[in-house]
Amino acid sequence: MRTGAGGVATMRHVGLVALEAFLIATIVWIAAMTLAGATQSGGIVGAVTAGKANPSMSVAGAQFGGTAIVTADPGEIGMWVHATCVQSKAVVLAAWVRIDSAHRAAVPLNSSAAWRSGGADCTAEEGYFSANGRWRVLASTTFTVGD
């Protein structure tokens with residue numbers, strides 16, 4: 001009467017099925033706890049953005065031939081302002097200026113080959129370059145450059 005080999009295989013199969021059921025139950029429990037935490041506070045809040053206010057920007061002194069002063073909040077050291085100005089659907093200015101310790105960036109609105117005179121519609125973005133070199137925008141605002 002040889003039942004030992006068949007019995008061992010059956011017990012191994014039952015053990016693996018039980019382990020698989022336990023792993024599935026654990027994954028379902030983790031997913032349920034994650035969703036419960038997300039819906040309790042109105043959404044998932046990452047550690048990086050927890051407690052931070054919404055970033056904002058303002059622009060002053062935007063006159064052609066002058067310098068626009070972009071004030072960024074939070075405007076931390078290492079952040080940049082990317083300004084782009086358009087005149088008649090053509091880009092006439094694209095400038096990258098580092099934000100200083102006073103949370104400001106001075107964007108020159110000088111004459112160039114593409115921009116000889118007149119006003120322009122502009123956008124300023126506050127952001128940073130991520131570890132993989134991609135531009136990440138924290139805040140954006142539009143402004144008009146006067147003649």
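# Two sheets, one helix and an aromatic cluster

Let me begin with the sheet of 4 strands, which is open and has the strand order E4-E3-E6-E7, with antiparallel pairing. At its edges stand strand E4, covering 90-98, and strand E7, covering 135-145, and each of these pairs on one side only. Going from one strand to the next in this sheet, the twist averages 20°. I should say at once that what we have in front of us is a predicted model, and I would ask you to keep that in mind while I go through the parts.

Staying with this sheet for a moment, strands E6 and E7 run antiparallel and are joined by 10 bridges. To give you a place to look in that pairing, Ala120 stands opposite Val145 in E7.

Now let me step back to the protein in outline. It holds 1 helix and 7 strands, and, if you read along the sequence, the pattern that you meet is α-β-β-β-β-β-β-β. The protein has 147 residues, and of these 22% count as buried.

The other sheet I want to show you is an open one of 3 strands, in the order E1-E2-E5, and here too the pairing is antiparallel. Its edge strands are E1, at 56-60, and E5, at 104-108, each of which pairs on one side only. Neighbouring strands of this sheet are turned against each other by 25° on average, with direction ignored. Strand E1 is joined by 5 bridges to strand E2, which spans residues 67-73, and the two run antiparallel. Within that pairing, Met57 can be found opposite Ala72 in E2.

From the strands I would like to move to the aromatic residues, where there is a little more to work through. The structure holds 5 aromatic pairs. One of them is formed by Trp80 and Phe129, whose ring centres are 6.4 Å apart and whose planes stand at 75°, and since planes over 60 degrees apart count as edge-to-face, the pair is given that name. What makes this pair worth following along the chain is its position, because Trp80 lies in strand E3, residues 80-87, while Phe129 lies in strand E6, residues 120-129, so that the pair ties together parts that are 49 residues apart in sequence.

Phe129 also takes part in another pair, this time with Trp135, in which the ring centres are 5.1 Å apart and the planes are at 55°, so the pair counts as tilted. If we then ask which residues form one aromatic cluster, the answer is Trp80, Trp96, Phe129 and Trp135.

Are the rings of such a cluster buried or exposed? For Trp80 the relative accessible area is 22%, so this residue is partly exposed. Trp135 likewise has a relative accessible area of 22% and is partly exposed. Phe129, with 41% relative accessibility, also counts as partly exposed.

Let me turn next to the helix, H1, which covers residues 4-40 and in which Phe22 has its place. Phe22 has a relative accessible area of 53%, and because exposed means over 50%, this residue is classed as exposed. Together with Leu16, Leu19 and Leu23, Phe22 forms a nonpolar patch on the surface, and the accessible area of these residues together is about 420 Å².

Finally, there are some backbone details in the loops that a newcomer might otherwise pass over. In the loop between E2 and E3 you will find Pro74, and the peptide bond that joins Asp73 and Pro74 is cis, with omega at about 25°.

In the loop between E3 and E4 we come to Ser88, whose phi is near 55°, a positive value in a residue other than glycine. Ser88 has 74% relative accessibility and therefore counts as exposed. Lys89 lies in the loop between E3 and E4 as well, and Lys89 has a positive phi of about 65° although it is not a glycine. The relative accessible area of Lys89 is 84%, so this residue too is exposed.

To close, I would suggest looking again at the strand order E4-E3-E6-E7, and then finding the pair of Trp80 in E3 and Phe129 in E6.

Notes. Residues numbered from 1 in each chain as written. Predicted model: local features only at pLDDT ≥ 70, side-chain atom pairs only at ≥ 80, totals over all residues. Heavy atoms only, no water. Pairing = 2+ DSSP bridges. Axes fitted to C-alpha atoms, helices over the stretch in contact; angles between N-to-C directions. Patch = residues over 30% accessible without salt bridge, like charges linked within 9 Å, V, L, I, M, F, W, Y side chains within 5 Å. Areas by Shrake-Rupley, 256 points an atom, 1.4 Å probe, with all protein chains shown as cover. Salt bridge = Lys/Arg side-chain N within 4 Å of Asp/Glu carboxyl O. Buried < 20%, exposed > 50% of the residue type's maximum accessible area, 1.4 Å probe, protein only. Phe/Tyr/Trp six-rings, centres within 6.5 Å; stacked < 30°, edge-to-face > 60°.
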